Structure formats: C-alpha cells, structure tokens
Amino acid sequence: MLKSFWLTCRRTGGRGIYLFLSLVVAAGIWVVSPEATQAFSLPELIFRGIQVIQLSNMSDRQEVTIGRQINQQLANSEFNIDSDRATTEYINRIGKRLAQESTRPNIPYTFQVIDDDNINAFATMGGFVYVNKGLMTAADNEAELASVIAHEIAHISARHAIQQMRQMAIASGVASATGLDRSRAVQIGVELALRRPHSRQAEYEADQLGLQMMGRSGYAQSGMVDFMKKLLNKPSPPSILSTHPATADRIAALEQAIDPDLESGEGLNNAAYRLEIRRLLGS
C-alpha cells in the first residue's frame, strides 16, 4: 500500500510529495497535540499538516510582513517608542553595523528605543529589535550595548521566534497560526514578544552568533561577558535576566568562545560613551 501511494506521489509530481509531507506532519500533530484524543477527520489532519509545513517554510517577505504588524501592535498598545531622532539614529547605527555581519544581512532591520527605565531588550521576527533606555544607561560602553543588540539580532538570524510560533501552534492545535491566518500569527507573535522567554538552547545559540557578529563588526567581544557579569552581580536581577535563563552558564560558555585576537576592539571607551548617552538621554 505504501509503495502504491509513493508511486502515485511520483506520478503527480511535486503536489504528491507535498501531500505526503503533509500527511507525515499531520501524524506528528496527532501525537503532540493536546487535542489528540479528539476525533479529527483525515482531511482536517491533512489541512493542519499543510499549514505547519507552510509555517516551517515561511519566506523572508512573509516574516517581515508579520513582524511589521507585530511591531505596530506593540507600538500602539504595549510600549512607548521613543521618537527622538538622534537616539534612534544612534541605536540604528550600531544595529545596522552588526546586522551586516549577521547570517541574515539582507532582511530590513528596524531598531527602536523604548522609553522605559528597566534594563531590557528583545526582538521580534522580521528584523525588529527593541532596546530600553534603561539598558542604554546601564551599559558602561558601546561594546556592552552592542553585545545586547547583537544577541537580539542573532535571535532573528536563527529564526527563533518562528520556531516558537510553530511549537505554540502545534501545542495549541491552532492551524491558522501558520501564516494563512495572519491576524492569529500576529497575536501569537505579540504573546511571544511579551511573555515567552527563549529556550536555553536558543539563548546559547544567540550568544554564540552574537559574539561572532561583534568580532566581525570590530566590537570588542569582551563587552558581552563584561555586561552579563555586571547584570548578574546586581542586588536584584534586572528584567533582561528574568527572560534569559542560566546566565552564569552562558557566561562560562562565552568566556571559552571568545577569540583572544578579538577580545579587545572598538567600543571600550567608557568616558566617550557616557558623554554620548548624556547627550542623548540627559542621564
């Protein structure tokens, strides 16, 4: 029977193969979905499988479109985006310098400052990176600030938000979250941005990719370790650590990964950075 089905797939070309892959994914959904005990019809399972395949293969254009809508919702209802032109240009200069050395330099990146004194930063799919004013003032130099921005760019480069969205869609049985129902995808994206920390594996990967990005762009790689150590030693952990687990282990891994030739570099002038931040933020 399987042989006959496979011959049919070959005769029908790509559509047959796509149907076969959809059936495989549908079977996976049957196993992992909390609704697996319900009686789904075969056509419904096939439809769900096709949906997950589409999410797994989201194009850059689709990702940027959904990311733009997530950004719009966040900016309208969740955060106060700082509109100061000089501050935005400063963050964009650092961010775009780093993004050009990422593994996905060709998507449009948008770097924004949030008017919030908490020490935090995060990213959403499609190239959107957010940096709190509190993080800018907490950094001692530009290399430390760049290290956080590089880490967030790395999450985008590795498509971690898309992976999380796929896992969330499968776990909740919401097939429409795969990109065909864009409004549901945006809803999940906002939820992920606000309340869903990345896995430990994703954090390690973002650290390593961010560290490499810093080295290639000329920033001192030591800035990433220095900033993590400083935050870890604060009396009360800042917001950025509450969503980034196992900081001590990450520091140890980074210390081993630093290239001795790239440990020192640009961005370590504390006095120059303080002057710049005072000019931009008045603090």
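This report describes the sheet, the aromatic pairs and one helix contact of a predicted protein model.

**Overall make-up**

The protein has 14 helices and 3 strands. Of its 283 residues, 48% count as buried. Among contacts between residues at least 6 apart in sequence, 71% join residues at least 24 apart.

**The sheet**

The 3 strands form an open sheet in the order 1-3-2, with mixed pairing. Strand 1 and strand 2 are the edge strands, each of which pairs on one side only. On average, and with direction ignored, neighbouring strands of this sheet are turned by 20° against each other.

Strand 1 (residues 110-114) runs parallel to strand 3, and 5 bridges join the two. Strand 2 (residues 121-124), by contrast, pairs with strand 3 in the antiparallel sense over 4 bridges. The table lists bridge partners in strand 3.

| Residue | Bridge partner in strand 3 |
|---|---|
| I114 | N132 |
| A121 | V131 |
| T124 | F128 |

Strand 2 and strand 3 form a hairpin with 3 residues between the strands, and in this hairpin G126 takes a positive phi near 85°.

How many of the 5 residues of strand 3 (residues 128-132) are buried? The count is 5 of the 5, so strand 3 is largely enclosed by the rest of the structure. Both faces of the strand are covered. On one side F128, Y130 and N132 are buried, and on the other side V129 and V131 are buried.

Two helices that pack on the sheet can be described in turn. Helix 4 touches strand 1, strand 2 and strand 3, and its direction makes about 30° with that of strand 3. Helix 5 touches strand 1 and strand 3, and its direction makes about 140° with that of strand 1.

**Aromatic pairs**

A pair of aromatic rings is described by the distance of the centres and the angle of the planes. The structure holds 3 aromatic pairs. One of these joins F79 and F122, whose ring centres are 5.3 Å apart and whose planes stand at 45°, so the pair is tilted. F79 lies in the loop between helix 4 (60-77) and helix 5, whereas F122 lies in strand 2. The pair therefore ties together parts that are 43 residues apart in sequence.

F122 has a relative accessibility of 11% and counts as buried. This residue also pairs with Y130: the ring centres are 4.6 Å apart and the planes are at 15°, so the pair is stacked. Y130 counts as buried as well, at 1% relative accessibility. Which residues do the ring pairs link into a cluster? They are F79, F122 and Y130.

**Contact of helix 5 with helix 14**

Helix 5 (residues 85-99) also meets helix 14 (residues 270-281), and the axes of the two helices come within 8 Å and cross at roughly 140°. Helix 5 is therefore oblique to helix 14. From helix 5, the residues in this contact are A86, T87 and Y90. From helix 14, they are Y273, E276, I277, R279, L280 and L281. By class, the contact has 6 nonpolar, 1 polar and 2 charged residues.

**Summary**

Strand 3 has both faces covered and pairs with strand 1 in parallel and with strand 2 in the antiparallel sense. Y130, on one of those covered faces, belongs to the ring cluster with F79 and F122. Helix 5 packs on the sheet and also meets helix 14 through A86, T87 and Y90.

Key
Residues are numbered from 1 along each chain as its sequence is written. This is a predicted model: local features need pLDDT of at least 70, side-chain atom pairs count only at pLDDT 80 or more; totals for chains, interfaces and linings use all residues. Side-chain values use heavy atoms; hydrogens and water are left out. Axes are lines fitted to C-alpha atoms, for helices over the stretch in contact, and angles run from 0 to 180 degrees between N-to-C directions. Angles under 35 degrees count as roughly parallel, over 145 as roughly antiparallel, 65 to 115 as roughly perpendicular and the rest as oblique. Contact means heavy atoms within 4.5 Å. Ala, Val, Leu, Ile, Met, Phe, Trp, Tyr, Cys and Pro count as nonpolar, Asp, Glu, Lys and Arg as charged, and the others, Gly among them, as polar. Buried means under 20% relative accessible area, exposed over 50%, partly exposed in between (1.4 Å probe, protein chains only). Two strands pair if DSSP finds at least two bridges between them. Rings of Phe, Tyr and Trp (its six-membered ring) pair if their centres lie within 6.5 Å; planes under 30 degrees apart count as stacked, over 60 as edge-to-face and the rest as tilted.
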